[in-house]
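Biologist: I'm new to this one and would like to learn how to read it. Could you walk me through it step by step?

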Amino acid sequence: MGIHNKVFSTCVFLVWFCFCLPGIIWVAEASHVVYQELKSVSPSIVGSQYRTGYHFQPPKNWINDPNGPMYHNGIYHLFYQYNTNGSVWGNIVWAHSVSSDLINWIPLEPAIYPSKKFDINGTWSGSATLLPGNKPVIFYTGIDPQGRQVQNLAFPKDLADPYLREWTKPDYNPVIQPDASIEPSKFRDPTTAWFGLDGHWRVVIGSRRKMRGMAVLYRSRDFVKWVKAQHPLHSSKDTGMWECPDFFPVSLKGKKGLDTSVSGPGVKHVLKVSLDMTRYEYYTVGTYYHMIDRYIPDNSSADDHTGLRYDYGNFYASKTFFDEAKQRRILWGWSNESDTVKDDIKKGWAGIQTIPRALWLDPSGKQLVQWPVEELETLRGKQVNLYDKELKSGDIYEVKGISSAQASLYLIFEISGLDKAEPFEEFWSDPQVLCGQKGAAVEGGVGPFGLLVLASGDREEQTAVLFRVFKAPNKHVVLMCHDPSKSSLRPGMYKPSFAGFVDVDINKTKKISLRSLIDHSVLESFGAEGKTCITSRVYPSKAIGQDAHLFVFNNGSEDVRITQLSAWEMTSPRMN
Ligand code: DQQ
């Protein structure tokens, strides 16, 4: 694959666009940190206690963004940004895996890698589109010899190969180049294309002008010749570079997903962008005016870094696709490591993909709801249940009977009363800050109650998932929080709290559900049936394997009751 050439030309590119610290080069374009001497280092040990059992990861090396997910002739394809040579970002190709169930994955050879002038310095993120006749095409960003970000196409070499192993890049690439109004280093990550009523395809590309983030729109009749529209599909000031935009329709009613080209009555649209500035993602729900090719977010959807998030934790560069087989839209997201680079080199791997989630519009029309794909349930093994368990103020109770380092949980908490809810301060606009101040150990009125996972028997190590209910002047506010402040006794670990508010009328329901997926170094939680989701990476030193314990707790003065708790050990699928 001409690795040496590639490394050399990447260096040339980096010298042009980077500023350096000893041993570290920050790449402004993709804000992945480049450790120049480390990006081609072989690991000393492959595997560790932190490898996941049922999350998507390759056997070794660095991974980042999910690319071009699609369903084609009975097979799910997942491509992803992959370093062929080391466990930090660099030497990026489109690695490729296939599956018939989204759970068991077969690895294939990289599908797209630098080989032509138009991508010699990099094959970065992009999407797949199914053309008429069920013919897949990939749109991806190539880095050309001048370090410009250009958009290229790739087609399957042999449509009769069920796995679509080999991809051909036509010589007419690049099909889109940055014009004079676009900064060539800020122009990347094409979306899945959609087909308009006027017979033209459309695609958007992430960019920014000054600090205004934008989704630059292009149209094409034949998918080869693309013309820039006069206006971006959408833009928003002070949001910086928009990476990995995603634009798709959602049905106003029900959970069914829609093909990306569907529009008209009964449909709203979602625009998601990954903000390079914050390294978090935000989405809005709004209306796509296809006659003028503009997307306008609803008033209820903030259009900046205070907006809605798919996931309030470690989750970035996500992408959805329409699964025609089960008529659903599925979301993939990248969860980066939060240990040290030194650890990643030792482990020989870094990065996982979160469990694929079906997503749909909440009946309120104001937000999306997500739920792990139903196929995940096939991995459920030994199960324990608990019914009607009272958790009085200060109670902690161990859930025994399963090995909980690789597990899945579903439980419902019932709240007896809300009188003791703490007052909600108006300045608490950022749930993450609030969660940092009021973690699991800080006693409250209604909550904190929840789970302690990946905990040592003495609970010296623990990662908490908790709810806390506050009383605002006209309503109750529910905070859902991951508190990993005690997740590891290892010194120098990065242990950020993550949190989101949960839009439920707790006064009416008096109940809240929680689903948590635990997998050695990752915790994915879904509050209130998927209204608020949080992913964290944690690295315990004692609570490993059989020594990982699971507890439920209530640290609020109001009693709560667990009406139902089901916990399953999770078996391991074939994972690459
Ligand atoms: N990662 C890719 C870019 C994208 C960024 C490079 C987001 O295409 O903007 O690996 O994580």
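Modeller: Sure. Keep in mind that this is a predicted model. Let's start at the ligand: 14 residues surround it, and His32, Asp65, Gln81, Arg188 and Asp189 come nearest.

Biologist: Which classes of residue make up the shell around the ligand?

Modeller: It's a mix: five nonpolar, four polar and five charged residues.

Biologist: And how do I spot polar side-chain atoms that lie by an oxygen atom of the ligand?

Modeller: Look for pairs of N or O atoms within 3.5 Å. Gln81 has a polar side-chain atom 2.6 Å from an oxygen atom of the ligand. For Asp189, an N or O atom of the side chain is also found 2.6 Å from a ligand oxygen. Trp89 joins in too, with a polar side-chain atom 3.0 Å from an oxygen atom of the ligand.

Biologist: How much of the ligand's accessible area does the protein cover?

Modeller: On its own the ligand has 310 Å² of accessible area, and the protein covers 100% of that. As for where the shell comes from, strand 4 (61-72), strand 8 (123-131) and strand 22 (316-323) are the elements that give two or more residues to it.

Biologist: Let's turn to single residues. Is Lys268 buried or exposed?

Modeller: The cut-off to remember is that buried means under 20% relative accessible area. Lys268 has 16% relative accessibility, so it counts as buried. You'll find Lys268 in strand 19 (residues 267-275).

Biologist: What does the side chain of Lys268 make a polar contact with?

Modeller: With the side chain of Asp298, at 3.0 Å.

Biologist: Why does Tyr289 count as partly exposed?

Modeller: Partly exposed lies between under 20% and over 50%. Tyr289 counts as partly exposed because its relative accessibility is 40%. This residue is in strand 20 (residues 280-289).

Biologist: Which residues make the nonpolar surface patch?

Modeller: Tyr289 is one of them, along with Met291, Ile292 and Ile296, and the patch is about 470 Å².

Biologist: Now a loop residue, please. Where is Ser521?

Modeller: Ser521 sits in the loop between strand 36 (511-519) and strand 37 (522-527). Its relative accessible area is 0%, so Ser521 is buried.

Biologist: And how do I read a distance between two residues?

Modeller: You can count along the sequence or go through space. Take Ser521 and Leu252: they are 269 residues apart in sequence, and from C-alpha to C-alpha they are 36 Å apart in space.

How values were computed
Residues numbered from 1 in each chain as written. Predicted model: local features only at pLDDT ≥ 70, side-chain atom pairs only at ≥ 80, totals over all residues. Heavy atoms only, no water. Patch = residues over 30% accessible without salt bridge, like charges linked within 9 Å, V, L, I, M, F, W, Y side chains within 5 Å. Areas by Shrake-Rupley, 256 points an atom, 1.4 Å probe, with all protein chains shown as cover. Salt bridge = Lys/Arg side-chain N within 4 Å of Asp/Glu carboxyl O. Helix = DSSP H or I, 4+ residues; strand = E, 2+ residues; numbered from the N terminus. Buried < 20%, exposed > 50% of the residue type's maximum accessible area, 1.4 Å probe, protein only. Near = heavy atom within 4 Å. Polar contact = N/O pair within 3.5 Å; in protein donor to acceptor, adjacent residues only side chain to side chain. Nonpolar A, V, L, I, M, F, W, Y, C, P; charged D, E, K, R; others polar.
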